[in-house]
Amino acid sequence: GFMTGYNAWAPAIYKTTDAGNNWTNIPIDSTTNQHPTDIGFSDPSNGWVAGYWGYLIHSSDGGMTWNPVDPGLTASFTALALYTSKFIWVGGYQSALTRSTDQGVTWQNISLTTTGYSIVKMAFPDSLHGYITLSNVNNNDQDGKMMRTVDGGTTWIPVDYTTSSDKRIYSVSFPEINTGY
């Protein structure tokens with residue numbers, strides 16, 4: 001397993017191979033002063049870390065080495081989603097969203113038109129169907145939104161999940177297209 005965050009204010013990635021009993025700090029470039037926010041692996045070899053100010057790095061050797069990737073946006077990324085090693089989505093502040101359909105070689109800006117919201121979490125149970133949660137950046141995470149796509153993120157449809165005026169939603173999980181939590 002992997003986790004990402006900070007170690008003495010430097011970006012850090014940690015790896016465990018014994019169910020979390022021991023963690024090894026994997027060296028990454030700490031001179032960039034980036035803030036890693038999310039990590040994911042699409043298979044045992046291919047991993048991605050997203051973070052603030054357009055920070056995106058990729059590992060193709062099981063997390064032993066990490067290389068910078070230019071996702072085409074400089075937004076502060078807060079979430080990433082992977083479906084196989086081929087499909088990658090990275091989203092964040094002010095509804096910024098970019099995707100790759102070729103293992104991260106090229107990136108397409110598919111940012112949402114919803115302003116004043118940041119992407120909190122994403123889930124893609126396949127290459128076309130996806131779900132995102134958003135929080136209002138000016139209202140202490142109140143007025144949360146959820147949206148879904150059926151075309152890989154080109155278009156998004158609002159999901160009405162509650163009638164409460166104080167909507168806070170932080171995470172979403174869809175292990176299958178029709179089953180979500």
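Which residue in β5 is the bridge partner of Asp-38? That one is Ala-50, and the pairing is a handy way into this predicted model.

## The β4-β5 hairpin

Asp-38 and Ala-50 face each other across a pair of strands. Strand β4 covers residues 36-41, strand β5 covers residues 47-51, and the two run antiparallel with 5 bridges between them. Together they make a hairpin, with 5 residues separating one strand from the other.

Ala-50 turns up again further in: it belongs to a nonpolar core of 13 residues, discussed below.

## Overall build

Zooming out, the protein chain is made with 15 strands and 0 helices. Its radius of gyration comes to 16 Å, close to the 16 Å that the globule rule gives for 181 residues, so the chain is as compact as a globular protein of that length. If you want a box for it, the C-alpha trace spans about 45 × 35 × 30 Å along its principal axes.

As for burial, 45% of the 181 residues count as buried. Take the contacts between residues at least 6 apart in sequence, and 38% of them join residues at least 24 apart.

## The four-stranded sheet

Strands β8, β9, β10 and β11 line up in that order as an open sheet of 4 strands, paired antiparallel. The edges are held by β8 (77-83) and β11 (108-109); each has a single partner strand, so one side of each is left without a neighbour in the sheet.

Inside that sheet, β9 (residues 87-92) and β10 (residues 97-100) are antiparallel and joined by 4 bridges. Trp-89 sits opposite Arg-99 of β10. Keep an eye on Trp-89, as this residue comes back in the next two sections.

## Two nonpolar cores

The largest nonpolar core has 15 residues, and the members that touch the most others are Trp-89, Ile-119, Met-122 and Ile-132. Four elements give two or more residues each to this core: β8, β9, β12 (117-123) and β13 (130-136). The largest share, 3 residues, is from β12. There's also a second core, separate from that one, with 13 residues; among them are Ala-50, Leu-56, Leu-73 and Trp-107.

## Aromatic pairs

The structure has 9 aromatic pairs. One of them is Tyr-52 with Trp-53: the ring centres are 5.5 Å apart and the planes meet at 90°, so this pair is edge-to-face. Tyr-52 has a relative accessible area of 29%, which makes it partly exposed, while Trp-53, at 52%, is exposed.

Tyr-83 and Phe-87 pair up too, with ring centres 6.3 Å apart and planes at 40°, so they count as tilted. Tyr-83 is partly exposed at 29% relative accessibility, whereas Phe-87 is buried at 17%. Both belong to a cluster linked by ring pairs, together with Trp-89, Phe-124 and Trp-156. So Trp-89 has a place in that ring cluster as well as in the largest core.

## Gly-54 in its loop

Gly-54 is in the loop between β5 and β6 (55-59). Is this glycine buried or exposed? Its relative accessible area is 12%, so it's buried, the cut-off being under 20%.

What does Gly-54 touch, leaving aside neighbours within four places in sequence? The contacts are Pro-71, Leu-73, Thr-74, Ala-75, Ser-76 and Phe-77. One of these, Leu-73, is also a member of the second core. Thr-78 is 24 residues from Gly-54 in sequence, with 9.9 Å between their C-alpha atoms.

## Ser-118 in β12

Ser-118 is part of strand β12, and at 7% relative accessibility it counts as buried. Which backbone nitrogen lies 3.3 Å from a polar atom of the Ser-118 side chain? That nitrogen belongs to Gln-94.

Gln-94 is also on the list of residues in contact with Ser-118 once neighbours within four places in sequence are set aside. The others on that list are Gly-92, Tyr-93, Ser-95, Thr-133, Leu-134, Ser-135 and Val-137.

Notes: Residues are numbered from 1 along each chain as its sequence is written. This is a predicted model: local features need pLDDT of at least 70, side-chain atom pairs count only at pLDDT 80 or more; totals for chains, interfaces and linings use all residues. Side-chain values use heavy atoms; hydrogens and water are left out. Two strands pair if DSSP finds at least two bridges between them. A nonpolar core is a set of buried Ala, Val, Leu, Ile, Met, Phe, Trp, Tyr and Cys residues joined through side-chain atoms within 4.5 Å. Buried means under 20% relative accessible area, exposed over 50%, partly exposed in between (1.4 Å probe, protein chains only). Contact means heavy atoms within 4.5 Å. Rings of Phe, Tyr and Trp (its six-membered ring) pair if their centres lie within 6.5 Å; planes under 30 degrees apart count as stacked, over 60 as edge-to-face and the rest as tilted. A polar contact is a pair of N or O atoms within 3.5 Å; within protein, one must be able to donate a hydrogen and the other to accept it, and residues adjacent in sequence count only if both atoms are side-chain atoms. The radius of gyration is taken over C-alpha atoms; the globule rule is 2.2 Å times the number of residues to the power 0.38.
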